[in-house]
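Biologist: I'd like to go through this one with you, piece by piece. Shall we put it on the screen and start?

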Amino acid sequence: MSLRVLVVEDSEFDTALVVRSLTRDGKKVEHLRVETADELRKALATSPWDVVISDFNLPQFSANAALEIFQESGLDIPFIIVSGTIGEENAVALMKAGAQDYVRKENLARLAPVVQRELQDAMIRKVAREAQAVNQEILSALSSHIALLDKDGVVVATNDAWSRFAQQQGPVDFERSGVGTNYLEVCRRSTVWSHEAIRDIEAVLKGDSTGFMTEYQCQCRTQQRRWFLMSLTPLTRGRGGAVVSHLDVTLRRKVEDQVRDREARLTAMLDTAAEGIITTDESGFIESFNKAAEQTFGYTHSEVLGKNISRLISSSDQEGWEGDMPQLVASHLPLGGVSREVQGQRKDGTLFPMDLSLSEVRLPDRRIFTAFVRDITERKRVELALRESESNLARAQEIAHVGSYTGDVPSRGPFRWSAQMYRIVGRDPQAGDPTQLEFIEQHVHPGDRARVQEALLRTAERGDPYDVEFRIVRPDGVVRHVHSIAETLAGPDGRPARLAGTLQDITARKQVEILRRLQLESARVLAAAQTLDEAVPELLRAVAEPLEWSVGEFWEVDSDTGELRIVKAWHSPSPTLAEFVNQGWSPRIVQADPLAHQVLQTGEPLWVSNLSRQEGFPRKRTAARANLKSALAFPVIFEGRTLAVMVFFSPDAMGPDDELLRIVGTLGGQIGQFIDRKHTADALRRSEASLARAQEIAHLGSYELVVNSPEKGRWSAEVFRILGLPPEGRLSVEQFVQEMVHPEDRARVNDAISKVVRGALGFDFQCRIVRPNQKVRHVKVVGEAVAARKGKTVKIVGTLMDITERVELEQEALEAREREQRRFGRDLHDGLGQRLTALELFAQALASDIKTKAPTLYSQSQNLTHHLREAVKEARLLSHGLSPVPLEEDGLMRALKEMADGTTSMTRFKCRFICRRPVLLKDVTAATQLYRIAQEAVNNSVKHSRGKTIRILMSYRAPRIELRVEDDGVGFTESGGDDTGMGLRVMKYRAEMIGATLEARPAPRKGLSIMCSLWKAL
């Protein structure tokens, strides 16, 4: 192998001397001379070199600059200065800066040995880096959670398992224990570690202890209590620090706890079981027996010393072992390790599975053998659980229609498939696992092959995520939709080495998406089209494209003759498809076609899975040339009459789809309605004039408001008449609210309209309007939101009705009722109340006389007095209920407080009135209606809620008064019987009478909440 030398030198003669000095030992030298910075950069970037030799001074360059460029390249090869003018100080400075050595030109004989030495050092550094990378890869591959600590306890390196342990399932205190974190400080703050454990950890870090190991229990981030085995091993070479590892042993501890309940002695042994180490001579006689082995087998060291190791093996395995041991000894071959799985036998005779590994140690005078014994009971249990888990996984894959596959990327060999993969693809397992190329060519739909192959190529070459939906074609011709996801595992060179992924059958989900798109597209076409000729071609395309079908035909029934004829057709771009469609226009073909005629006769959809086997189909040959395999025909119906037949053809072999048949049946009805609707459009326009007259008679106007374009809104003529405006005028929403709505109702109306603009479904409210002549009218406004595709409101349509006469009559009737109730309350209080009070006083006097004259009748007279007193209270409460609210501004608050107190005293409910700030309401009518609403709500809660507490809350949040009645009962759906339903209607009626809104909804905790909002400035 030749030596590749890059020479930074301006003299060709000096370069030749350097090269000749390097070839004296017979080595072939390839060299390149450069003398500028650009030449050096280009040479370092384009060619591999073994060594760089640089002169100290060049006319336009220097060794210092060359060294900086060399160091920027990141190469780890020798950089040697060769100069005749360099001084000692400059040479030392260059070596400190990174040069490996310098040689004077008058002593070039030294150059070859220097280069050889530096090349060896560079090789050693390369090997060390590779070894360090391998060590890091091995460390990362370990399942234990490992971190390297310096002498102060700071984390300087971790493996991947440590990061997962700290972030996912480690203790809460360790969740940030990454590089740079002081692990010792984390332990000190944790409640897991005792002071003694902290001292032991510090001793290991300082080098004063040979190690520390303990098991601890803690609460992890998943809020579960878990067990971990923590071990701390000091670093050697006297630099301090340690390697700390955590191993999750929760499962082992749980198993040990279960076993402890059944066999206390065996569990105690397993609790402390670790790997046993036994040394024997060449004949198998035991020479040493460590503590772990004592705990494993139940023997002490003295009991087995000098005994043959075969006594620790079950009798069934001894014969094989006794035959192997002499054979191994007699071979005299180096024994790196022989491992067998045998049945171990303890001192008490119990057997257990164990892994027995035998290794040879060669001493100067003899050989000894070391047996490593490990109890694998738990591993066997885990293996059994793993086999069960694999069986469950296979079943889960079958249920979820998910298969899995793995394979080697560079080799392009066969990929290993799960059983479910074969079921999804329909491939015979006897055919063996295919390569990815075979899978694409044999099973992927031709229309998707290029896309799938391109995605796989990007994943194999660059490791890009592989997430593709595509179609597969089963051997029976059935097309299925699948979704494949895969990830790559990198090899030592960092390039993708293995591919692992899943394949899920998503045909059902895809069909749902396709059918939804079919419904939306068809509805859009029907909504946008003005005529049948305009709608049919778009309908054919809208149905065929989502289903990926190639041809659509519209056969119309002649209204006079009842015969079928093709009037419109659509097909994908293709000459063979065009030939198939054109053949269908022939009168002979039309009369003989069995598909459309059968649908016309039966009125039911028809599905043909195989056109080549359809009897009487006259276009079989043309369909075969166009690669059409299946067909679907369905009727267009209105009121039981078939108006037309739509026929579609597919290039895929497809079985009947019940959901698609249901949808096309519905679609046929919608198209039939569309056809009939177009016929009745003229009649509808003629009726609009009659409708306008009807609105005028009913005092009912209509409107249509465009949210973002107020000027595009429309108001009917009757709306202008109700508002007292000229019919030819214009009116925006803002003008209606600010100029026409009564000032006290504006905030409420504005709020209702704003909610619909923000996404509410509609509104229904009453308000007052002020005509230009200052007359006040009452109107009922109903609106419904018209939403775009994304749910955003674009229009509001509704009606506006003049209800002034009805409202005035209702208010008059309600006021008359309230006046009569107040009058009756006063009469009750002044008449019956006073008479009952007098009777109570008379009874008290009578009781006093009886107490002295007839003591035996005293208790009865006391009972009479008590009942008269209660009758007085009830009469007062009854009179108060008929005239509940005093005329003062705070009368409503006082009345509600008395209602709460009376409910508490007279029922089993605890009722509270809560009003944080005074609400002073001068309007006695509004106050009375609010009181009646609260009274009705409280009565409903007492009768139906089955709760224990009731709260009456009142507050003022400008510009509205809020009154809430809440209970803690079973809620509206369970308690809302007929009585409650009537009560809710009465409450809503009272709210409307004073211009308020009322709604019932679940209470914050449980139960029912009645909310009444009165928009009123105080």
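Biologist: How many bridges does strand S21 (residues 479-490) make with strand S22 (residues 496-505), and in which sense do they pair?

Modeller: Bear in mind that this is a predicted model. Leucine 489 stands opposite arginine 498 in S22, which gives you one spot to look at. S21 and S22 pair in the antiparallel sense, and the count of bridges is nine.

Biologist: Which strands are at the edges of the open sheet?

Modeller: The sheet has five strands in the order S19-S18-S22-S21-S20, with antiparallel pairing. An edge strand pairs on one side only. That leaves strand S19 (416-417) and strand S20 (466-473).

Biologist: And what angle does helix H16 (residues 436-443) make with S20?

Modeller: Helix H16 packs on the sheet, where it touches S19, S20 and S22. Its direction and that of S20 make an angle of about 45°.

Biologist: What about helix H17 (residues 449-462), which angle does that one make with S20?

Modeller: H17 also packs on the sheet, and its contacts are with S20, S21 and S22. Set against the direction of S20, the direction of H17 comes out at about 145°.

Biologist: Now the end of the chain. Is strand S37 (residues 1008-1015) largely enclosed or open?

Modeller: Look at the two faces: Leu1008, Ile1010, Cys1012 and Leu1014 on one side are buried, and so are Ser1009, Met1011, Ser1013 and Trp1015 on the other. Buried here means under 20% relative accessible area. Because eight of the eight residues are buried, S37 is largely enclosed.

Biologist: Which residue of S37 is the bridge partner of glutamate 966?

Modeller: Strand S35 (residues 960-967) pairs with S37 in the antiparallel sense, over seven bridges. For glutamate 966, the bridge partner in S37 is serine 1009.

Biologist: Which residue of S37 does glutamate 999 stand opposite?

Modeller: Strand S36 (residues 996-1002) runs antiparallel to S37, and seven bridges join them. Opposite glutamate 999 you find methionine 1011.

Biologist: In the hairpin of S36 and S37, which residue takes a positive phi?

Modeller: There are five residues between the two strands. The one with a phi near 95° is glycine 1007.

Biologist: Which elements give two or more residues to the lining of the second largest pocket?

Modeller: That pocket has a volume of about 710 Å³. Of the 26 residues lining the pocket, the closest to its centre are Lys755, Asp764, Thr997, Leu998 and Glu999. The elements giving two or more are helix H27 (746-757), strand S30 (762-770), S35, helix H33 (978-993), S36 and S37.

Biologist: How many charged residues does the lining of that second largest pocket have?

Modeller: Split the lining by class and you get 10 nonpolar and five polar residues. The charged ones number 11.

Biologist: One more spot: is leucine 235 buried or partly exposed?

Modeller: Leucine 235 is in the loop between strand S11 (225-234) and strand S12 (242-248). Leaving aside neighbours within four places in sequence, its contacts include Leu148 and Leu149. The cut-off for buried is under 20% relative accessible area. Leucine 235 has 21% relative accessibility, so the call is partly exposed.

Biologist: How far apart in space are leucine 235 and aspartate 150?

Modeller: In sequence, leucine 235 and aspartate 150 are 85 residues apart. In space, C-alpha to C-alpha, the distance is 8.9 Å.

How values were computed
Residues are numbered from 1 along each chain as its sequence is written. This is a predicted model: local features need pLDDT of at least 70, side-chain atom pairs count only at pLDDT 80 or more; totals for chains, interfaces and linings use all residues. Side-chain values use heavy atoms; hydrogens and water are left out. Buried means under 20% relative accessible area, exposed over 50%, partly exposed in between (1.4 Å probe, protein chains only). Helices (H or I, at least four residues) and strands (E, at least two) are DSSP runs, numbered from the N terminus. Two strands pair if DSSP finds at least two bridges between them. Contact means heavy atoms within 4.5 Å. Axes are lines fitted to C-alpha atoms, for helices over the stretch in contact, and angles run from 0 to 180 degrees between N-to-C directions. On a 1 Å grid over the protein atoms alone, a cavity is a set of points where a 1.4 Å probe fits but cannot get out, and a pocket is an open set with protein on both sides within 12 Å along at least five of seven lines; lining residues have an atom within 4 Å of a point. Grid points are joined across faces, edges and corners, and a volume is the space filled by probe spheres set on the points. Ala, Val, Leu, Ile, Met, Phe, Trp, Tyr, Cys and Pro count as nonpolar, Asp, Glu, Lys and Arg as charged, and the others, Gly among them, as polar.
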